[in-house]
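Grab a coffee and work through these exercises with the structure open beside you. Try each task before you read its solution.

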Amino acid sequence: MAARTLINVPPKAKRGEVIQIKTLISHVMENGFRHDNMGKPIARDIITTFTCAYNGEKIFEAALYPAISANPFITFYTVATESGTLAFQWTGDNGFSQEATAKITVE
Amino acid sequence: MTDPASRMNTTRRAFLAVAGAALLVRPAKATPASMAAAIRQAVGEAHVKPGRIKLNVPPLVENGNVVAVSVSVESPMTEKDYVKTIHIFTEKNPQPNVISFQLNARAGKAEVQTRIRLADTQTVVAICEMSDGSCWSDKVDVVLTLSACLEDPI
């Protein structure tokens with residue numbers, strides 16, 4: 001199941017500038033502590049890791065737990081070093097994996 | 001001691017014992033002790049001092065399902081001195097861990113934002129580990145009106 005992602009990276013930046021990266025992905029983040037109306041526990045289904053790579057080098061990683069809201073939103077910063085691609089990857093329970101990329105031009 | 005008052009006391013004690021046992025079999029819940037254990041697991045034996053890190057959570061939250069949280073750390077973020085990890089813990093959620101971020105010197109600015117769930121009125125703790133191994137923490141007491149859904153959906 002493809003999840004929708006929303007990435008906000010400035011398209012252009014000056015060399016050495018600190019840029020803000022905002023990421024959002026659609027996911028239920030079922031925490032595994034709830035029961036359905038028959039009283040059966042609902043299995044956990046969450047995103048467990050998020051990584052960001054800048055031109056192949058990992059710059060940011062997060063380990064997510066059930067206490068993260070549905071549709072995980074993560075904002076972080078990095079230094080714009082060179083033009084290239086930011087690759088984002090989310091992985092989770094039940095073999096969930098989703099990738100997204102964003103291009104940045106550094107002047 | 002057979003006066004009615006002492007008999008009532010016994011029954012009250014018995015009632016409290018039963019009620020206490022009933023509380024114990026409730027679904028798993030993090031406690032300050034389990035939070036401390038989770039913190040130990042995350043940062044090891046390092047001494048955690050208050051300061052340098054700032055946790056921003058609204059003190060009064062209406063909806064525990066979506067609580068905007070931001071954490072910033074005072075750090076020059078150079079190759080020699082940077083923030084390695086930022087963790088968020090809670091006292092009374094079913095699990096003490098909330099999220100762990102791994103940063104490196106390329107971050108430029110040690111600040112992260114996310115949205116978390118809170119199950120109860122409680123203390124939220126943020127801890128960061130620097131590249132030199134020192135650990136810093138900040139905590140905020142949050143009052144909650146509507147808890148994140150842990151109970152059966154209706």
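**Exercise 1. Reading the two chains**

Task: Start with chain B and find its pattern along the sequence, then do the same for chain A.

Solution. Follow chain B from its start and you get α-α-β-β-β-β-β-β-β-β-β. That gives 2 helices and 9 strands for chain B. Keep in mind that you're looking at a predicted model. Now switch to chain A, where the pattern reads β-β-β-β-β-β-β-β. The tally for chain A is 0 helices and 8 strands. As for its extent, the C-alpha trace of chain A spans about 60 × 20 × 20 Å along its principal axes.

**Exercise 2. Burial and long-range contacts**

Task: What percentage of the residues counts as buried in chain A, and what percentage in chain B?

Solution. Chain A has 107 residues, and 31% of them count as buried. Chain B has 154 residues, with 36% buried. Next, look at how far along the sequence the contacts reach. In chain A, take the contacts with a separation of 6 or more: 57% of them come from residues 24 or more positions apart. In chain B, of the contacts between residues at least 6 apart in sequence, 70% join residues at least 24 apart.

**Exercise 3. Walking across a sheet**

Task: In what order do the 6 strands of the open sheet stand?

Solution. Step one is to write down the order: E1(A)-E3(A)-E6(A)-E7(B)-E4(B)-E2(B), with antiparallel pairing. Step two is to check the ends. Strand E1 (5-8) of chain A and strand E2 (53-56) of chain B are the edge strands; each has a single partner strand, so one side of each has no neighbour in the sheet. From one strand to the next, the twist averages 15°.

Step three is to go through some of the pairs:

- E1(A) runs antiparallel to strand E3 (residues 18-25) of chain A, and 4 bridges join them. Here A:Asn8 sits opposite A:Lys22 in E3(A).
- E3(A) also pairs with E6(A), antiparallel, over 7 bridges. Look for A:Thr23, whose bridge partner in E6(A) is A:Ile74.
- In chain B, E2(B) and strand E4 (residues 67-73) make an antiparallel pair over 4 bridges. B:Asn56 is the residue opposite B:Ser70 in E4(B).

**Exercise 4. Where the chains touch**

Task: How many residues of each chain are in contact with the other chain?

Solution. Count from both sides: 30 residues of chain B are in contact with 23 residues of chain A. Now ask which strands are involved on the chain B side. Strand E6 (97-102) and strand E7 (111-116) of chain B each supply at least two residues there. Sorted by class, that side of chain B has 13 nonpolar, 11 polar and 6 charged residues.

E6(B) is worth a closer look, with 4 bridges joining it to strand E5 (residues 57-64) of chain A in an antiparallel arrangement. One bridge to find on screen links A:Ala63 with B:Ser100 in E6(B).

**Exercise 5. One leucine**

Task: Is A:Leu64 buried or exposed, and which residues does it contact beyond its neighbours within four places in sequence?

Solution. First, place it: A:Leu64 is in strand E5 of chain A. Second, count around it. A residue needs 20 or more other C-beta atoms within 10 Å to be buried. A:Leu64 has 24, so it is buried. Third, list its contacts, leaving aside neighbours within four places: A:Ile46, A:Ile47, A:Thr48, A:Thr49, A:Phe50, A:Pro72 and, from the other chain, B:Ile99. The C-alpha atoms of A:Leu64 and A:Thr49 are 5.8 Å apart, although 15 residues separate the two along the chain.

**Exercise 6. Two asparagines with positive phi**

Task: Where do A:Asn55 and A:Asn71 lie?

Solution. A:Asn55 lies in the loop between strand E4 (47-54) and E5 of chain A. Its phi is near 50°, a positive value in a residue other than glycine. A:Asn55 has 13 C-beta neighbours inside 10 Å, so it counts as partly exposed.

A:Asn71 belongs to the loop between E5 and strand E6 (73-79) of chain A. Phi is positive for A:Asn71 too, at about 55°, and this residue isn't a glycine either. With 17 C-beta neighbours inside 10 Å, A:Asn71 counts as partly exposed.

Definitions and conventions
Residues are numbered from 1 along each chain as its sequence is written. Chains are lettered from A and ligands numbered from 1 in the order in which they are written. This is a predicted model: local features need pLDDT of at least 70, side-chain atom pairs count only at pLDDT 80 or more; totals for chains, interfaces and linings use all residues. Two strands pair if DSSP finds at least two bridges between them. Axes are lines fitted to C-alpha atoms, for helices over the stretch in contact, and angles run from 0 to 180 degrees between N-to-C directions. Two residues are in contact if their C-beta atoms, placed from the backbone, lie within 7 Å. Ala, Val, Leu, Ile, Met, Phe, Trp, Tyr, Cys and Pro count as nonpolar, Asp, Glu, Lys and Arg as charged, and the others, Gly among them, as polar. A residue is buried if 20 or more other C-beta atoms lie within 10 Å of its own, exposed if 12 or fewer, and partly exposed in between; C-beta atoms are placed from the backbone.
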